[in-house]
Amino acid sequence: MTALELARRGARVVLACRSRERGEAAAFDLRQESGNNEVIFMALDLASLASVRAFATAFLSSEPRLDILIHNAGISSCGRTREPFNLLLRVNHIGPFLLTHLLLPRLKICTPSRVVVVSSAAHRRGRLDFTRLDRPVVGWRQELRAYADSKLANVLFARELATQLEGTGVTCYAAHPGPVNSELFLRHVPRWLRPLLRPLAWLVLRAPRGGAQTPLYCALQEGIEPLSGRYFANCHVEEVPPAARDDRAAHRLWEASKRLAGLEPAEDAESDEEPQPEDPGAPSSLSSPHPEEPMASEPYPSPQSSPDLSKVTRRILIKAEPEPQAS
């Protein structure tokens, strides 16, 4: 629904998906439903760092602009896949971290630009253990813990990214879509129990359209630039627990993520460069990366007042949810 709404507003949308068949089908459906032919598919497997690098190279060579990067992909279970690393952390955090890093020079050229990291309320249960950050996950109990840890990593990543990008014109936000009725919800449930829970899910969980509202708000709403690095839920800033606003832990995670992503010092220096924007006179407002005010309960203007993208030419990268793992 996030990609559909952006396409309806006239944006050029790039769907980055693991499955070519599903990705191309989704792009076709979005073009048909939105009436916007500027929706394309590009292959990306977040579990593979080589795939992330290949995608970034292809994107940078074919797309002259990147105004909004939305990390909307995620898994909650490893299924039958067994990897020598923490697959949940790789797909939910390390892959997006590397991709953001590789695309930062383009984001800086296209300022004002934004990065939206879709997180979850599960981050409140997360507790990062840096001594075993990338150890393989085995069993459903470890998967639940690893999922919560990866969502905490999302929130800390947005916080540290805001600090790293302060003054560049690139802002970033962590967004909680709320409990959404999707396949992700049922992946931890035994197959025999899923038919019984599906009707309940329709009653108590949000439809995908409702789940898209907060990520869209963070991507489009004017005037939230001073809140870069903050966590949003229900289109409001929401306070997070101490573990999710620990700046030392956020910086430690940043350094550990660079190592796990295989970033070389030269690549790190390249992303720190600040190329001049195409239009130096373009307005851009940015203050502190994650101010403590306003309070979490204070609302911001409705997403309906967000800018009409049909009036401008924009390249927006949407990372669609990867193909579900076998279970």
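With which residue does arginine 12 form a salt bridge, and how far apart are the closest N and O atoms? In this predicted model, the partner of arginine 12 is glutamate 38, and the closest N and O atoms are 2.6 Å apart. This pair connects distant parts of the chain: arginine 12 belongs to strand β1 (residues 12-17), while glutamate 38 sits in the loop between α2 (20-34) and β2 (39-43), 26 residues apart.

**Salt bridges**

The structure has a count of twelve salt bridges. In general, side chains of opposite charge can pair when their charged atoms come close. Three of the pairs are listed below.

| Salt bridge | N to O distance |
|---|---|
| Arginine 12 and glutamate 38 | 2.6 Å |
| Arginine 12 and glutamate 63 | 2.7 Å |
| Arginine 124 and glutamate 238 | 2.7 Å |

Arginine 12 thus appears with a second partner, glutamate 63. Arginine 12 is in strand β1 and glutamate 63 is in the loop between α3 (49-62) and β3 (68-71), so their salt bridge ties together parts that are 51 residues apart in sequence. Arginine 12 counts as buried because its relative accessibility is 15%, under the 20% limit. Glutamate 63 is buried as well, whereas glutamate 38 is partly exposed, with a relative accessible area of 35%.

The pair of arginine 124 and glutamate 238 also links distant parts of the chain: arginine 124 lies in the loop between β4 and α5, and glutamate 238 in the loop between β7 (236-237) and α10 (247-260), 114 residues apart. Arginine 124 is partly exposed at a relative accessible area of 34%, and glutamate 238 is partly exposed at 27%. Through shared partners, salt bridges join Arg12, Glu38 and Glu63 into one network.

**Surroundings of histidine 123 and valine 155**

Histidine 123 occupies the loop between β4 (113-118) and α5 (140-164). Histidine 123 is buried, with a relative accessible area of 1%. A polar atom of its side chain lies 2.8 Å from the backbone oxygen of serine 120. Not counting residues up to four places away in sequence, histidine 123 touches Ala148, Lys151, Leu152, Val155, Tyr231, Val240, Pro241 and Ala244.

Valine 155 is part of helix α5 and is buried, its relative accessible area being 3%. Beyond its neighbours within four places in sequence, valine 155 is in contact with Ser119, His123, Ala174, Tyr231, Val240 and Ala244. The C-alpha atoms of valine 155 and serine 119 are 6.7 Å apart in space, although these residues are 36 residues apart in sequence.

Definitions and conventions: Residues are numbered from 1 along each chain as its sequence is written. This is a predicted model: local features need pLDDT of at least 70, side-chain atom pairs count only at pLDDT 80 or more; totals for chains, interfaces and linings use all residues. Side-chain values use heavy atoms; hydrogens and water are left out. Helices (H or I, at least four residues) and strands (E, at least two) are DSSP runs, numbered from the N terminus. Buried means under 20% relative accessible area, exposed over 50%, partly exposed in between (1.4 Å probe, protein chains only). A polar contact is a pair of N or O atoms within 3.5 Å; within protein, one must be able to donate a hydrogen and the other to accept it, and residues adjacent in sequence count only if both atoms are side-chain atoms. Contact means heavy atoms within 4.5 Å. A salt bridge is a side-chain nitrogen of Lys or Arg within 4 Å of a carboxyl oxygen of Asp or Glu.
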